[in-house]
Structure formats: C-alpha cells, structure tokens
Amino acid sequence: MTKRKAVALISGGLDSMLATRAILDQGIHVEGINFFTGFCVEGHTHAIRKHDKPKRNNALWTAEQLGIKLHIIDVIEEYKDIVINPRHGYGAHINPCLDCKGFMVKKAREWIEENDFDFIITGEVIGQRPMSQRKQTMPIIAAESGAHDRLLRPLCAQNLPVTLPEREGWVDREKLFDFSGRSRKPQMALAKQYEISDYAQPAGGCCFLTDAAYSTKLQDLWRQRGDKTYELDDIMLLKVGRHLRPQPHYKLIIGREDGENRFLEGYRRQFTALRASKHNGPLVLLDGSFNNEDLQQAARIVARYTQGRDEESVDIDVTHHINGVVETLSVKPMSSDDIQQQWHI
Ligand code: SF4
C-alpha cells in the first residue's frame, strides 16, 4: 500500500507537535510547514535581547525533535492583505486569527497539491482560542482554505465530522483525540505519554499581533502615515526598543539594551541616528520628518537616557542618513517630568 503523506502546520508550540506525533505514530509520512509572516515572535526579539533561555527557532527545533523535514515559507507579501483587510475582523488586538488560519491552511492546501501530498494536519483544538479555534469557525477555515475534508485536526478530530484520511482508513479515528476548551491539561498529559518534556510554553499567541503593546505601535504607525500599509522593516522595528512620539510627525526608537542597540545599528542607513558621544547611552533612530527644533528636542530626550542625564550638558552626535553628515548637539538632558507619558507608544 502506498504510504500516505501529510503536511503539518508547525508553529513551534506544543499542540502542533502533539498533532504531528499522533499522525506519525499511525505510519503516515509527515513533513512540516512553518510560515514566516514577519510577525512571528520567534527568531527576532528572542535572538536579539538577552534571555536566560536558549535562543532557538522553536519550529525547527520541533521538527528536529519529531524527526521530520520542515519547510519554512516566506509569506510576508501575501500576508499583508490578511493583516490590513481581514474579512473576519480582528481579535482582541490586531490579530486577524481567523483569516490568518484560513490563509495558512490555504497555502498548505496549495503546497500539498503541488507536492502530491494527501492531507493537512494542524494542532487546533476546539475552544482553545477565542477567535479562530471555535466549533463554528473550524468549518470556515476548512471551507475558505479550499482544504475541506483534507484538513485533519488530530487533537480534536473526534469532536468534528469525519475527514478524508479517516474515511479512507489512512488514519484510525479511534486513535485520535477529543480535546476541547481552554484547559491545557489534556495536552500536558499527552506530552507526558509521548515522553515530551521540553516544549515552548503556550503564550498569548503565535505572533506579535496578539500583543497589546505591539498592536498599539502598529496602529500608531498607520495613523501617523495616514495609510494602513507596512514594509518588513517597519514591523521588525516595532518589535525593538522603546518608542516615543513627542510630535505627530516624528518618533524616537530607543535601544533598551546592547542587543537592541546593535540591531538598530543595522538601520543607520535608513534613519537619522542619535547617540551620546561622551557618555554611555542607547542608539536612537529618528523615524519621520523633523526640523532643527525637533532635533533639539529629540537630542534632549536622548540625553535623558544616557549616563549623563544629571549633567548640565550632554553631547549628542546626530548622523543624518541622507548624506552621512554628523553634527554634534550639546544639550541639557530633559528632566523625567518633562518626558510626557503620552509620548510613550
Ligand atoms: S496569533 Fe498570529 S499567527 Fe496565530 S492565528 Fe492569530 S494572527 Fe495568525
């Protein structure tokens, strides 16, 4: 009998790991797909900032643990429409989870058609997430993606209609699961049964769009540009640094630690950069348009974040990205009282 082939959506979390393992155990050949949208939590801030935990790409690590091949697919451009115009709207923040899931399953459906695979598996569990993983939304994802009954959710399959791989006897429905609800206990128990002890802890979601602070920064970006668009650099920079908008037409991106300062160094060609020349302090990028008065204000704010904050005057080097010219401004550091709360994005 031909060995049947499935592709698994691998996020790097426990659920997709368990779902894949359950299908591998039924003798199916499984390969993983991980979509890179630009909003993924993994691989960027985790790699940039200091952490006690090892820095790793959890999707790759999961695939390695499972012994399957992983395809990482860049969907940055196509994904923009999902974030900007979600047909089903947003969740609690700017997370278009239902459209996003439909999009990812659709991409997986196209992939199995091109690669001659038989079906798709995901780690979805009914009731696990308020927006995309509800009993009513499961058929929407299956239908809108065009996957229909080629989409199998092993962790909650017994609560859902029979799918093609079950009907055809490629997988045994009795050996699948009936998990539902927000509790993580069934997953923990299954992980134990599979002797999986190391896995990424479930966070609010798989990406930054579920993060309140990130969503506020993205909305600020759209509002100030008067346009709901973005480029990869924009959404990367929203993950890094402290963002302050003292004037509607410009904001400061202030590195919070060495890793972020080094990351921001990479953007010096695109943004005017400010840094104290004689005191330790962050690298700061200026995003937007600004005149000399704004530059004085920005330099005073930057001085506040340096070790010279209590001095009468601090020298701030301003490197203009357009012509590479460096000018030094000697400014009085702004007092903490003058840094207004509403500037913080
Ligand atoms: S949390 Fe992010 S990646 Fe996950 S389904 Fe929602 S929008 Fe998509």
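Rings of Phe, Tyr and Trp (its six-membered ring) pair if their centres lie within 6.5 Å.

**View 1. The whole chain, for orientation.** This is a predicted model, and its secondary structure comes to 12 helices and 11 strands. The C-alpha trace of the protein chain spans about 80 × 40 × 35 Å along its principal axes. Of its 345 residues, 52% count as buried. If we take the contacts with a separation of 6 or more, 65% of them join residues 24 or more positions apart. The chain exposes about 16,500 Å², and carbon and sulfur atoms supply 47% of that area. As for charge, there are 46 positive and 47 negative charges, and their mean positions are 3 Å apart.

**View 2. An aromatic pair between Phe39 and Tyr79.** A search of the whole structure finds 10 aromatic pairs. Here we look at one of them, formed by Phe39 and Tyr79, with the rings 6.2 Å apart centre to centre. The planes make an angle of 50 degrees, so the pair counts as tilted, a class that lies between stacked (under 30 degrees) and edge-to-face (over 60). The two partners come from distant parts of the chain, 40 residues apart. Phe39 belongs to the loop between β2 (29-36) and α2 (45-48), whereas Tyr79 is in helix α4 (residues 76-84). Both Phe39 and Tyr79 are buried.

**View 3. The aromatic cluster and a lysine over a ring.** Step back a little from the pair and you can find its companions: Phe39, Tyr79, Phe103, Phe208, Tyr214 and Tyr230 form one aromatic cluster. Tyr230 also has a charged visitor, as the charged end of Lys80 sits over the ring of Tyr230. The distance from that charged end to the centre of the ring is 5.7 Å.

**View 4. Helix α1 and what covers it.** Helix α1 takes in residues 14-24 and is mostly covered, with 9 of its 11 residues buried. The buried residues are Leu14, Asp15, Ser16, Met17, Leu18, Ala19, Thr20, Ala22 and Ile23. To follow their packing, look for the strands β1 (5-9), β2, β4 (119-121) and β5 (151-152). The helices α3 (58-66) and α8 (185-193) also pack against the buried residues of α1.

**View 5. Asp99, a buried acidic residue.** Asp99 is found in helix α5 (residues 97-115). Its relative accessible area is 9%, and because the limit for buried is under 20%, Asp99 counts as buried. Leaving out residues up to four places away in sequence, Asp99 touches Ile82, Pro86, Arg87, His88 and Gly89. For a sense of scale, compare its position with that of Glu293: the two residues are 194 residues apart in sequence and 44 Å apart in space, C-alpha to C-alpha.

**View 6. Positive phi at His148 and Glu195.** Two loop residues are worth a look for their backbone. His148 is not a glycine, yet it has a positive phi of about 45 degrees. You will find His148 in the loop between α6 (137-144) and β5. With a relative accessible area of 49%, His148 is partly exposed, because exposed begins only over 50%. Glu195, again not a glycine, has a positive phi of about 60 degrees. Glu195 has its place in the loop between α8 and α9 (212-225). The relative accessible area of Glu195 is 75%, so this residue counts as exposed.

Methods: Residues are numbered from 1 along each chain as its sequence is written. This is a predicted model: local features need pLDDT of at least 70, side-chain atom pairs count only at pLDDT 80 or more; totals for chains, interfaces and linings use all residues. Side-chain values use heavy atoms; hydrogens and water are left out. Helices (H or I, at least four residues) and strands (E, at least two) are DSSP runs, numbered from the N terminus. Buried means under 20% relative accessible area, exposed over 50%, partly exposed in between (1.4 Å probe, protein chains only). A charge sits over a ring if NZ of Lys or CZ of Arg is within 6 Å of the ring centre and within 35 degrees of the ring normal. Contact means heavy atoms within 4.5 Å. Accessible areas come from the Shrake-Rupley method with a 1.4 Å probe; for residues, only the protein chains shown count as cover. Lys and Arg count as positive and Asp and Glu as negative; His and the chain ends are not counted. The place of a charge is taken as NZ of Lys, CZ of Arg, CG of Asp or CD of Glu.
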